[in-house]
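Hi,

Here is the structure I promised to send over. Have a look at it first, and then read on for what turned up.

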There are 2 protein chains.
Amino acid sequence: MPLSKVRRVSLAHSVSSQLSRAIVAGDFPAGSQLSEPSLAATLGVSRAPIREALIELELRGLVEFDPQGHTRVPTLTPADLQEIHAMRVAIDPLAASLAAEHATTDVFAALEANIAATKDAKTLADVSRLDAEFHDRIVKSGRNRRLMLCWSGLRDQVELWLTQMQLRHQAITKRTRQQTVDSHYELLEVIRSGDPKQAATLAGDHVAGWTDLLPTVTAVPNS
Amino acid sequence: MPLSKVRRVSLAHSVSSQLSRAIVAGDFPAGSQLSEPSLAATLGVSRAPIREALIELELRGLVEFDPQGHTRVPTLTPADLQEIHAMRVAIDPLAASLAAEHATTDVFAALEANIAATKDAKTLADVSRLDAEFHDRIVKSGRNRRLMLCWSGLRDQVELWLTQMQLRHQAITKRTRQQTVDSHYELLEVIRSGDPKQAATLAGDHVAGWTDLLPTVTAVPNS
DNA sequence: CGATTGTATGTTGTCGACAGAATGAGGCCC
DNA sequence: GGGCCTCATTCTGTCGACAACATACAATCG
């Protein structure tokens with residue numbers, strides 16, 4: 001049996017990933033303070049790794065720092081979502097065009113599997129997770145580290161927003177699900193065709209298409 | 001005299017800004033290790049603020065972490081510059097369109113002053129600094145914090161790249177300078193006109209126009 | 001002489017501790 | 001009873017110290 005490389009994972013990284021999952025999952029109510037001593041006690045580490053993780057999370061937009069230095073879970077406003085959406089309209093076309101240039105067959109297979117899974121999605125949480133994974137694959141296949149960094153931050157913030165709006169457990173309408181499946185399939189095919197320009201424009205239309213959906217969602221916070 | 005707000009600046013923030021300036025200025029050769037003890041001794045602080053600053057700089061792309069955890073100044077390759085350029089092609093149109101929507105008269109004044117100063121630029125360092133300030137104003141006027149964060153990271157990395165290519169002290173040709181002045185003026189006018197779409201397309205053409213310039217520059221590292 | 005082992009140094013990751021500031025409770029004076 | 005002052009608590013920002021790990025070098029053994 002070939003020995004696999006032993007990689008030591010720093011506590012700061014563990015804390016970072018664990019905290020980001022917890023925040024996105026809604027374990028901390030929006031606006032709540034995350035005090036370093038309590039986090040340290042909960043996670044069983046000292047404050048140093050906690051602080052380093054919090055700095056990383058702040059730059060990813062999952063926490064924010066008070067003027068007094070207190071760490072809080074940001075309460076995402078409609079304005080925030082508009083910012084995120086505008087960024088995605090700018091970035092998704094780039095991701096799609098890069099994918100059209102660089103994607104290999106295994107990427108296509110993964111995307112197809114993702115679309116197939118999306119057809120069985122029941123809740124908004126399901127479809128949102130699958131949608132995130134779908135675009136994750138596309139962005140990663142583009143092999144642009146700056147793009148990946150930017151995208152992952154936006155993705156996490158969208159997930160956080162979904163949680164804060166309490167939309168995760170909402171059942172998804174057949175129409176919305178079919179819409180995502182269709183547009184994802186279109187996107188896959190244009191990426192597979194290998195035409196960057198066409199992929200970019202289609203991706204742009206795809207994201208921009210959500211523009212009229214978002215206000216209606218924000219207008220119905222919890223029903 | 002109205003008392004200005006006393007702002008407590010954390011050491012970590014001071015270290016961060018000071019280090020980023022030093023790195024961008026080329027005080028550390030590309031690929032050199034930044035050991036925390038020596039930085040701490042040099043700056044007269046303990047390692048804790050150093051570490052926190054380094055984490056921030058890593059996410060901004062000004063340093064990178066070895067597999068062994070050592071902090072090093074990244075050696076930007078042509079591939080890195082292509083990544084950055086691709087991101088700017090995606091992002092600058094958004095910045096311009098947002099500016100066209102939100103910019104106020106004082107922004108226009110600042111941009112005009114910047115263009116005027118650019119006409120007197122002597123070296124590539126001058127024109128690059130003024131260009132960065134120009135786009136800084138535009139991005140800031142768009143009032144999108146995510147965009148601002150993304151842009152500032154790219155900007156710093158471009159500055160670092162200029163330093164590493166030893167292009168800062170190179171005299172600028174009249175033609176290049178005039179080209180920058182012209183395109184900046186065009187951009188200012190279309191933003192002032194308030195048409196987001198037109199501003200976006202012009203900004204996109206503007207950045208994309210540098211595509212054929214970059215290879216020629218990279219082909220002539222130090223002459 | 002080459003390979004291997006032991007060692008010595010430098011660096012990172014983590015911890016516990018302390019000072020300063022902010023916040024809130026409780027008592028005191030008017 | 002209301003406003004103000006004092007005090008206790010809690011948190012952040014920072015520091016110094018220690019262990020684990022990696023690296024380079026010297027010494028040892030075949």
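Below is what I found, one part at a time. Keep in mind that this is a predicted model.

**How the two protein chains sit together**

Let's start with chains A and B. If you rotate chain A by 180 degrees, with 0.0 Å of shift along the axis, it superposes on chain B with an RMSD of 0.1 Å. The two copies are therefore related as by a two-fold rotation axis. If you want to find that axis on your screen, look for A:Ala90: its C-alpha is the one in chain A nearest the axis, at 2.7 Å. Both copies use the same surface, and 100% of the contact residues of chain A recur in chain B.

How many residues of each chain are in contact with the other? The count is 23 residues of chain A against 23 residues of chain B. Together the chains bury about 2,200 Å² between them, and carbon and sulfur atoms give 58% of that area. Three residues to click on here are A:Leu59, A:Glu83 and A:Arg146, which supply 32% of the area that chain A buries against chain B, more than any other three residues.

**DNA strand C**

Now for the DNA. There are 19 residues around DNA strand C, and those that come nearest are A:Leu11, A:Ser46, B:Pro37, B:Arg47 and B:Arg51. Of the atoms of this strand that come within 4 Å of the protein, 66% belong to sugar and phosphate.

Some of the contacts are worth zooming in on:

- B:Arg47 goes to a base: an N or O atom in its side chain is 2.7 Å from a base nitrogen of DNA strand C.
- B:Arg51 goes to the phosphate, with a polar side-chain atom 3.0 Å from a phosphate oxygen of DNA strand C.
- B:Glu36 uses its backbone instead: an N or O atom there lies 3.1 Å from a phosphate oxygen of DNA strand C.

Both protein chains take part in this surface. At least two residues each come from α1 (11–25) and α3 (47–59) of chain A, and from α2 (36–43) and α3 (47–59) of chain B. The largest share, 3 residues, is from α3(A). Sorted by class, the surface has 7 nonpolar, 6 polar and 6 charged residues.

**DNA strand D**

Which residues come nearest to DNA strand D? Out of 18 around it, they are A:Pro37, A:Arg47, A:Arg51, B:Leu11 and B:Ser46. Here sugar and phosphate make up 63% of the strand's atoms that come within 4 Å of the protein.

A:Arg47 has a polar side-chain atom 2.8 Å from a base oxygen of DNA strand D. A:Arg51 places a side-chain N or O atom 3.0 Å from a phosphate oxygen of that strand. From chain B, a backbone N or O atom of B:Ser46 lies 2.8 Å from a phosphate oxygen.

The helices that each give at least two residues to this surface are α2 (36–43) and α3 of chain A, plus α1 (11–25) and α3 of chain B. The most, 3 residues, come from α3(B).

**A sheet in chain A**

Last, chain A has an open sheet of 3 strands in the order β1-β3-β2, with antiparallel pairing. Its edge strands are β1 (33–34) and β2 (64–65), each pairing on one side only. β1(A) pairs with β3 (71–72) over 2 bridges, and A:Gln33 has A:Arg72 as its bridge partner in β3(A).

Cheers

Key
Residues are numbered from 1 along each chain as its sequence is written. Chains are lettered from A and ligands numbered from 1 in the order in which they are written. This is a predicted model: local features need pLDDT of at least 70, side-chain atom pairs count only at pLDDT 80 or more; totals for chains, interfaces and linings use all residues. Side-chain values use heavy atoms; hydrogens and water are left out. Two strands pair if DSSP finds at least two bridges between them. Helices (H or I, at least four residues) and strands (E, at least two) are DSSP runs, numbered from the N terminus. Copies are superposed by least squares on the C-alpha atoms of residues with pLDDT of at least 70 in both. Contact means heavy atoms within 4.5 Å. A residue is near a molecule or strand if one of its heavy atoms lies within 4 Å of it. A polar contact is a pair of N or O atoms within 3.5 Å; within protein, one must be able to donate a hydrogen and the other to accept it, and residues adjacent in sequence count only if both atoms are side-chain atoms. Ala, Val, Leu, Ile, Met, Phe, Trp, Tyr, Cys and Pro count as nonpolar, Asp, Glu, Lys and Arg as charged, and the others, Gly among them, as polar. Buried area is the accessible area (1.4 Å probe) that two parts lose on being put together, summed over both.
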